[in-house]
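Good morning, colleagues. I should like to take you through one protein chain today, beginning with a helix and then moving on to the sheets.

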Amino acid sequence: MAKRVVLAYSGGLDTSVAVRWMGSEWGAEVVAVAVDVGQGGDFEALRGRAMAAGAVDAVVIDAREEYARDYVVPALKANARYEGKYPLVSALSRPVIVKHLVAAARRYGAGAVAHGCTGKGNDQVRFEVSTRALAPDLELLAPVRVWGLTREDSIDYAERHGIPVTVTRASPYSIDQNLWGRAIECGVLEDPWHSPPEDVYELTTPTATGPVDMVIGFEAGVPVTIDGAEMPLQDLIAEVTRVVGSYGWGRLDMVENRRVGIKSREVYECPGALALILAHSDLEDLTLERDLAHEKARLEPRYAELIYDGLWFSPLKEALDAFVERSQRHVTGEVRLRCEVPGRCLVAGRRSDLGLYDYGLATYDAADRFHHEDAAGFVRLWGLGVETWSRRQSPYVGG
């Protein structure tokens, strides 16, 4: 086992216990690496927690801009939602975290990368497969898979060793958050019949009292403005999250299929992610040619699966990226979102100088430029194969 280990450190229960446990049980020198992907919090306190747990060093890397630009944007362009619902909040952040873990391992001369994932979760797959893709020479360690501690045991361990953690028996939730949303697990949520208590939510607490319109401007598939005002992407996502979340919209309560083969009940808050995907997809309806739009819609679930399954760094993902990127050349325009009480967010309008909607072709009034006389021949030829089949073989005729 490598003597120096770089640990993906979240500051939560499992990774805080892992710092001490790997030092005590394996004699490892642990470097705790926290990657800021927009989860918020006190990073100085997080560093102090890691050092108090026994880390030889603890660093925080600000990757918010990189995460938004290089990871969120490609997923948004692909309208990526796992099983048609989940916008990949946690899954999307793992490859950028791994990228910085590998860089830290090189910088500190570490021979191994460690994570705090359990043996039946998805994140172990994402951390380990991504690390193998970027640095196949590094050893991979997963203390939670071998230490045999329950969540209660881990809380006891932290108390015995004076490790400061925020999880308590009264609030046992496991929470993962970044600028694309928030994932909540454990506690009463493990019963899929039990309604999520209101105290699990933070981003979607209803505070708004009246309707509001918000215009999102896109350039080549990337959101760049709100109501005409340009802002950095990570700030734009945060603002959409704030506005839409204040209407109580953006919650997901779903039973999903994990990569390891089990079903799990998951609760998510993704107001910004879901609103931006809603707007982006609607603008594509206006700007993408029919066959391109249909083929892209068929590929989007596969793209989302690759991210969910930890295959961000893979040949198929790379090839699909090229297709998605090419499809976005003309996805430029504005979408008006309307937020209403209680808990509604919907598209209220869209416009684009590159849009394929032609009023003269679509209207039924006097401005109609469609050649109706062409339709008869088109319809006859379109149905010719079915007509021929019907005359010779159809079980519906002459019975």
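Before we look at the helix, one term is needed: the bend at a residue is the angle between two axes, one fitted to the seven residues ending there and the other to the seven starting there. Please also bear in mind that this is a predicted model.

With that term in hand, consider helix α4, which covers residues 89-108. Where is its kink centred? The kink in α4 is centred on proline 95 and amounts to about 25 degrees. From first C-alpha to last, the 20 residues of α4 reach 29 Å, close to the 28 Å expected at 1.5 Å a residue. Of those 20 residues, 15 are buried, so α4 is largely enclosed by the rest of the structure. Directly after α4 comes glycine 109, with a positive phi near 65 degrees.

Let me now place this helix in the whole. The protein chain has 14 helices and 14 strands. Its C-alpha trace spans about 85 × 55 × 45 Å along the principal axes. Of its 399 residues, 47% are buried. If we take the contacts between residues at least 6 apart in sequence, 72% of them join residues at least 24 apart.

I turn to the sheets. As a reminder, strands of a sheet pair through backbone hydrogen bonds, either parallel or antiparallel.

One open sheet has five strands with parallel pairing, in the order β3-β2-β1-β4-β5. At its edges stand β3 (57-62) and β5 (139-141); each has a single partner strand, so one side of each is left without a neighbour in the sheet. From one strand to the next, the twist averages 25 degrees. Strand β2, residues 29-36, runs parallel to β3 and is joined to it by six bridges. Within that pairing, valine 31 has aspartate 57 of β3 as its bridge partner.

Close to this topic is glycine 116, in the loop between β4 (112-114) and α5 (123-134). Is glycine 116 buried or exposed? Its relative accessibility is 17%, and the cut-off for buried is under 20%, so glycine 116 counts as buried. Apart from neighbours within four places in sequence, glycine 116 is in contact with Asp14, Thr15 and Val144. By contrast, threonine 204 lies 28 Å from glycine 116, C-alpha to C-alpha, and 88 residues away in sequence.

The other sheet I wish to show is also open and has five strands, here with antiparallel pairing, in the order β10-β9-β8-β13-β14. Its edge strands are β10 (229-230) and β14 (344-351), each pairing on one side only. Strands β8 (residues 212-219) and β9 (residues 222-226) pair in the antiparallel sense over four bridges. Glycine 217 has threonine 225, in β9, as its bridge partner.

Helix α9, residues 271-287, lies across β8, β9, β13 (333-340) and β14, and runs at about 30 degrees to β14. A second helix meets α9: the axis of α8 (residues 233-245) comes within 7 Å of the axis of α9, and the two cross at roughly 100 degrees. That angle makes α8 roughly perpendicular to α9, because crossings of 65 to 115 degrees count as such. On the α8 side, the contact is made by Leu236, Ile237, Val240, Thr241, Val244 and Gly245. On the α9 side, it is made by Pro271, Gly272, Ala275 and Leu276.

Technical notes
Residues numbered from 1 in each chain as written. Predicted model: local features only at pLDDT ≥ 70, side-chain atom pairs only at ≥ 80, totals over all residues. Heavy atoms only, no water. Pairing = 2+ DSSP bridges. Contact = heavy atoms within 4.5 Å. Axes fitted to C-alpha atoms, helices over the stretch in contact; angles between N-to-C directions. Expected span 1.5 Å × (residues − 1). Buried < 20%, exposed > 50% of the residue type's maximum accessible area, 1.4 Å probe, protein only. Parallel < 35°, antiparallel > 145°, perpendicular 65-115°, else oblique.
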